[in-house]
Amino acid sequence: MLDPAQRTAAAEALWTAERERTPVEPLRESHPGIDVVDAYEIQLANIRRRTAQGARVHGHKVGLSSAAMQQMMGVDEPDYGHLLSDMVLDAGEPVDTSRYLQPRVEVEVGFVLGAALPGEGCTEDDVRAATAYVVPAIELIDSRIEDWRIGLADTVADNASSAGVVLGEARAPLSALDVADVDAVLHRGGEEVARGNTSAVLGDPTTAVAWLARKVAGFGVRLEAGHLVLPGSCTRAWDVRPGDDVRAEFDGLGSVSVRFR
């Protein structure tokens, strides 16, 4: 475990990396002994810094919740982070890739809460009861760690590698589809590049949302009414470059598109 000064130094390194577009070495190398408790406290320090500058907590995310993503990133459990108001991107406006270091996209079904979730003891039934509707989403992820060489503590400290989210126009109550069995396809430039099913997300995305509510409760964080929750990608992540036009299509839920420049 790190001491307070080490946590502050790690938070400052990630803060500077994001603003100067210069990645840093993995925290597990620069701060040996870092654990996931340290990592979430580091994350929270930078979230407090951003909210002090005017951003609002818009929701939360689970990442690396599929076996494919855990294998790709070399971790053995999900990560988790905050979604802030300045991360919500307009689907009608091209995204400037120069704002990011190593951007990638993920395909997700987003949950919008109509009521707050309990923390400790939160169940899938609680998630179903609290969810107002689900939406098609493309999450933009980015790592402030060099070459995506992340372990679990690295990515949790780095706000779960979050960068932005684009939502489609469709809204569907959970009663309208089996959210544990939605096929999704990612297209880039009109070509299919990935295909998956929401069952890849811990067997059921509602399980990921309930897991998140329990996980963050110990840090005094709660998933509130109105929050957007991203439970994790049902396909592998894909790098994006200037000129890319990506579109995610979900059976029974519509689609969402975003362009990059």
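Which residues are linked with Glu18 in a network of salt bridges? They are Arg19, Arg50 and Asp86. Here a salt bridge means a side-chain nitrogen of Lys or Arg within 4 Å of a carboxyl oxygen of Asp or Glu, and by this rule the count comes to 17 salt bridges. Please keep in mind that this is a predicted model, where local features need pLDDT of at least 70, side-chain atom pairs count only at pLDDT 80 or more, and totals for chains, interfaces and linings use all residues. Residues are numbered from 1 along each chain as its sequence is written, and side-chain values use heavy atoms, with hydrogens and water left out.

**A buried pair**
- Lys61 forms a salt bridge with Glu139, and their closest N and O atoms are 2.8 Å apart.
- Lys61 belongs to strand β1 (residues 57-63) and Glu139 to strand β4 (residues 131-141), so this pair ties together parts that are 78 residues apart in sequence. Strands are DSSP runs of E with at least two residues, numbered from the N terminus.
- Lys61 is buried at a relative accessible area of 1%, and Glu139 is buried at 0%. Buried means under 20% relative accessible area, exposed over 50%, and partly exposed in between (1.4 Å probe, protein chains only).

**Other pairs**
- Asp204 and Arg128 meet through their side chains in a salt bridge (3.7 Å, N to O).
- Asp204 is buried, at 14%, whereas Arg128 is partly exposed, at 38%.
- Another salt bridge joins the side chains of Arg195 and Glu192 (3.0 Å, N to O).
- Arg195 is exposed, with a relative accessible area of 56%, while Glu192 is partly exposed at 38%.

Notes: Helices (H or I, at least four residues) and strands (E, at least two) are DSSP runs, numbered from the N terminus.
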